[in-house]
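Have the sequence and the 3D view open side by side for this one. The report below walks through a handful of strands, helices and single residues that you can pick out on screen.

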Amino acid sequence: MSGQGIKGTVKIITLGCAKNEVDSEEIAGVLRQEGFVLDGTASRPDVIVINTCGFLEAAKREALAVIKDAIQDKKRGKTKKVIVAGCLPQRLGEALVKDLPEVDAFIGVGQMSRFGEIVGNTLGLTQRLIDIQAPHHRWADVGTRARAGAPWSAYLKISEGCDHECTFCTIPSFRGPHISKPMERILEEARLLASEGTQEINLIAQDSSQYGHDYYQRLMLPDLLRDLSRIEGLHWIRPLYCYPTRVSDALIDTLASLPNTCHYFDIPLQHADKEVLRAMKRPGDAQTYLKLLERMRLAMPDVAIRTTFIVGFPGETEEQFNRLLEFIKDANFDRAGAFLYSAESGTPSAEMPNQVPQRLKRERYSQVMQLQQKISLAKNKEWEGRVMEVLIEARSAKSPNYSIGRSYRDAPEIDGQVFIKDCAAPLGTFIKAKITQAAEYDLFAEMA
């Protein structure tokens, strides 16, 4: 029995990063085309699909809690079938299948285009469906994506998987090697998004700066940005997740020269001490990174630079941590986040000696974030009295006469916001705002 023609109501729960959000929107679009009803608020859906994250232990715990809630709904008769998809089943495989006998289907990564068949089969069969193959990404047809977020802003995935061998990271083991989406498919999707009212596109991948290296035998992100910039209606184009050694002069010059590419770089550096970076199997050091930042700022004096660091990596000494603090002072990032090192099973670093105690990790995390708060405040204060363009996205619940938006310096969901007094501009429009006050993360403004 194939299950073709069996329809029902599907509720999709998305966990994890923006890349998972895109995957879920593609799943939703495929299901809608197959005749299923998508309802994220349904109290009694026929099927619950949980698109999981498996990157860190904390993400695994969150996913298991959500899965167990869905299993309880099934036991109470509130849903017929539970499907667990994405990174967690891909990472844990048979162990997860064995631990959760109540789950009706386990589906690995990269299978968005098959979800009509998957849900139909799950509804039509009594035995469990286990489909966890070696990572092999199948791009869903352009046009099947069902947008769930604000229509004016969208993530656009340009590649899958990762070829880097960072010793702390599990992603290549369950997302597979780097594979670029053909450029014509990206451009077609971007044109479709623009025709539906999308004005901001954020390019995402495990490593955006490696785009095209496998498919075209050269780094193609600058070419992609130039082609995207010609699409009518796209006001902001922002690449996220750039690997430091892949950020070329050509990429910097392209961002600097195009009128609708945001002067914004997201480059996760992870550390600055050379020995720690080598233990992570990461390139560079404080000096090479500072030179890279200098090149960015020479080309774009107003560039916003974001990064992330890992504190408490195995063997990280006090001296090496202090080197990281000095680097953060010298680098003067607009935005920087920190993560406590997490020993993930199956990674080389989990087996390394001299694991740093959790208490010390938390202390180092606090030091990094307190230092960066001062730097971020100083960077934000440079905007006081100046006028900047802001994309209006919401009204303030606490202060109804305030609208909330973002500037080119703010990627969705991860950076700050701009609060504009006495602004009634429609959501999804761009306005000019004069900055009146700066805080550590956010800016306050009035209509210019």
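What follows is a short tour, one region at a time.

## Strand β10 and its neighbours

Keep in mind as you look around that this is a predicted model. A good place to begin is strand β10, residues 200-204. All 5 of the 5 residues in β10 are buried, so the strand is largely enclosed by the rest of the structure. If you turn the view to look at each face of β10, you will find E200, N202 and I204 on one side, with I201 and L203 on the other, and both faces are covered.

Strand β10 has partners to follow as well. Strand β7, residues 153-157, runs parallel to β10 and is joined to it by 5 bridges. Within that pairing, Y155 stands opposite N202 of β10. Strand β11, residues 236-239, also runs parallel to β10, this time through 4 bridges. Here L203 of β10 stands opposite P239 of β11. Trace the chain from β10 through helix α8 (residues 221-229) to β11, and you have a right-handed β-α-β unit.

## Helix α8 and its packing with α9

How do two packed helices get described? By the angle between their axes and the distance between the axes. For α8 and helix α9 (residues 249-257), the angle is about 15° and the axes are 9 Å apart. With angles under 35 degrees counting as roughly parallel, α8 is roughly parallel to α9. The crossing of the two is left-handed. On the α8 side the contact is made by L221, P222, L225 and R226, and on the α9 side by A250, L251, T254 and L255.

One residue to click on in helix α8 is L225. Is L225 buried or exposed? With a relative accessibility of 0%, L225 counts as buried, because the cut-off for buried is under 20%. Setting aside its neighbours within four places in sequence, L225 is in contact with L203, I237, L251, T254, L255, L258 and T261. Among these partners, L255 is 30 residues away from L225 along the chain, and their C-alpha atoms are separated by 7.9 Å.

## The open sheet β12-β13-β14

Next comes an open sheet of 3 strands, in the order β12-β13-β14, with parallel pairing. Strands β12 (264-266) and β14 stand at the edges with a single partner strand each, so one side of each has no neighbour in the sheet. Neighbouring strands in this sheet are turned by 15° against each other on average, direction ignored. Between β12 and β13 (residues 304-311) there are 3 bridges, and D266 has R306 of β13 as its bridge partner.

In strand β14 (residues 335-340) you will find R335. This arginine is buried, with a relative accessible area of 6%. Leaving out neighbours within four places in sequence, the contacts of R335 include I305, R306 and T307, along with D410, D415 and Y441.

## Helices α12 and α13

A second helix pair to look at is α12 (residues 318-331) with α13 (residues 358-381), which pack at an angle of about 15° with their axes 10 Å apart. Helices α12 and α13 are therefore roughly parallel to each other, and their crossing is right-handed. The contact involves E318, F321, L324, L325, I328 and K329 from α12, and R364, Q367, V368, L371, Q372 and I375 from α13.

## The barrel

Further along, 5 strands close into a barrel in the order β15-β16-β17-β19-β18, with mixed pairing. From one strand to the next, the twist averages 55°. Strand β15 (residues 387-395) and strand β16 (residues 402-406) run antiparallel and are joined by 4 bridges. One spot to find in this pairing is I392, whose bridge partner in β16 is G405.

## Two loop residues with positive phi

To finish, look at two loop residues. Q270 lies in the loop between β12 and α10 (274-279), and its phi is near 75°, a positive value in a residue other than glycine. At 10% relative accessibility, Q270 counts as buried.

E413 lies in the loop between β16 and β17 (418-421). Although E413 is not a glycine, it has a positive phi of about 75°. At 61% relative accessibility, E413 counts as exposed.

How values were computed
Residues are numbered from 1 along each chain as its sequence is written. This is a predicted model: local features need pLDDT of at least 70, side-chain atom pairs count only at pLDDT 80 or more; totals for chains, interfaces and linings use all residues. Side-chain values use heavy atoms; hydrogens and water are left out. Buried means under 20% relative accessible area, exposed over 50%, partly exposed in between (1.4 Å probe, protein chains only). Two strands pair if DSSP finds at least two bridges between them. A crossover is right-handed if, with the strands pointing away from the viewer, the path from the first strand over the helix to the second runs clockwise. Contact means heavy atoms within 4.5 Å. Axes are lines fitted to C-alpha atoms, for helices over the stretch in contact, and angles run from 0 to 180 degrees between N-to-C directions. Angles under 35 degrees count as roughly parallel, over 145 as roughly antiparallel, 65 to 115 as roughly perpendicular and the rest as oblique. A crossing is left-handed if the near helix is turned anticlockwise from the far one by less than a right angle, and right-handed if clockwise.
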